[in-house]
Amino acid sequence: DLFIFIRPKYMSDAGLLAHEQTHVKQWLRTLGLHSFLYLFSKSYRLKSEVEAYKVQLGYYANDNSDLFAGFIANNYGLGITKEQAKELLK
């Protein structure tokens, strides 16, 4: 079994759990190479986060794409703008 650690204050956020479950699926799909690829390939990291945030978007009644695009642009060292990230989330 694999474990997903989420801060207690976010435990009821089904979208966040789905986001993290997507990363587990990515890890399984790559036979464990996900962590290595994620650390050393910006393009893989971008693809992984866009996939996970797209899954997460489906869990909320409101459109969080602007918020998530900001996370992608600012929190992962990807060198892209919020607008570019938002396009990828469409």
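In this predicted model, helix α4 and helix α5 cross with a right-handed sense. The first of these helices, α4, spans residues 65-75, while α5 spans residues 82-89. Their axes come within 8 Å, and the crossing angle is roughly 120 degrees. Angles over 145 degrees would count as roughly antiparallel and those from 65 to 115 as roughly perpendicular; the value found here therefore makes α4 oblique to α5. On the α4 side, the contact is formed by S65, D66, F68, A69, G70, I72 and A73. On the α5 side, the participants are K82, A85, K86 and L89. Sorted by class, this contact of α4 with α5 holds six nonpolar, two polar and three charged residues.

The burial pattern of α4 may be read alongside that contact. Its buried residues are S65, F68, A69, G70, I72 and A73. The cover over these buried positions includes both α3 and α5. From the α5 side, L89 touches S65, F68, A69 and I72 among its contacts beyond four places in sequence. The list for L89 also includes V50, Y53, K54 and L57, and α3 comprises residues 42-57.

The packing of α3 against α4 comes next. These two helices lie with their axes 11 Å apart, at an angle of about 160 degrees. Because angles over 145 degrees count as roughly antiparallel, α3 is roughly antiparallel to α4. The crossing in which α3 passes α4 is right-handed. Here L46, E49, V50, Y53, Q56 and L57 of α3 meet S65, F68, F71 and I72 of α4. By class, the contact of α3 with α4 contains seven nonpolar, two polar and one charged residues. S65, F68 and I72 thus appear in the contact with α3, and S65, F68 and I72 also appear in the contact with α5.

In soluble globular proteins, nonpolar side chains tend to be buried together. In this model, the largest nonpolar core has 14 residues. Those with the most contacts inside this core are L46, Y53, I72, L78, I80 and L89. The elements contributing two or more residues to the core are α3, α4 and α5. Of these, α3 supplies the largest share, five residues.

One member of this core, L78, is found in the loop between α4 and α5. Is L78 buried or exposed? Its relative accessibility is 9%, and since buried means under 20%, L78 counts as buried. Leaving aside residues up to four places away in sequence, L78 touches K42, R45, L46 and I72. L78 and S41 are 37 residues apart in sequence, yet their C-alpha atoms are 9.5 Å apart in space. Just after α4, G77 adopts a positive phi of about 60 degrees.

The loop between α3 and α4 offers another residue to examine, Y59. With a relative accessible area of 48%, Y59 is partly exposed, because the partly exposed class lies between 20% and 50%. Beyond four places in sequence, Y59 touches A14, G15 and A18, and α1 covers residues 14-29. Y59 and K86 are 27 residues apart in sequence, and the distance between their C-alpha atoms is 17 Å.

The remaining helix pair is α1 with α3. Their axes are 8 Å apart, and they pack at an angle of about 140 degrees. Since the roughly antiparallel class requires an angle over 145 degrees, α1 and α3 are oblique to each other. The crossing of α1 past α3 is right-handed. From α1, the residues in contact are G15, L16, A18, H19, T22, H23, Q26 and R29. These meet Y44, S48, E49, E51, A52, Y53, V55 and Q56 of α3. By class, this contact of α1 with α3 has six nonpolar, seven polar and three charged residues.

Within that contact, T22 of α1 may be considered individually. T22 is buried, with a relative accessible area of 5%. Apart from residues up to four places away in sequence, T22 touches E51, A52 and V55, each of which is listed on the α3 side of the contact with α1. Y53 of α3 also takes part in this contact with α1. Y53 meets α4 as well, and is one of the residues with the most contacts inside the largest nonpolar core.

Definitions and conventions: Residues numbered from 1 in each chain as written. Predicted model: local features only at pLDDT ≥ 70, side-chain atom pairs only at ≥ 80, totals over all residues. Heavy atoms only, no water. Axes fitted to C-alpha atoms, helices over the stretch in contact; angles between N-to-C directions. Helix = DSSP H or I, 4+ residues; strand = E, 2+ residues; numbered from the N terminus. Parallel < 35°, antiparallel > 145°, perpendicular 65-115°, else oblique. Left-handed = near helix turned anticlockwise from the far one by under 90°. Contact = heavy atoms within 4.5 Å. Nonpolar A, V, L, I, M, F, W, Y, C, P; charged D, E, K, R; others polar. Buried < 20%, exposed > 50% of the residue type's maximum accessible area, 1.4 Å probe, protein only. Core = buried A, V, L, I, M, F, W, Y, C linked by side-chain atoms within 4.5 Å.
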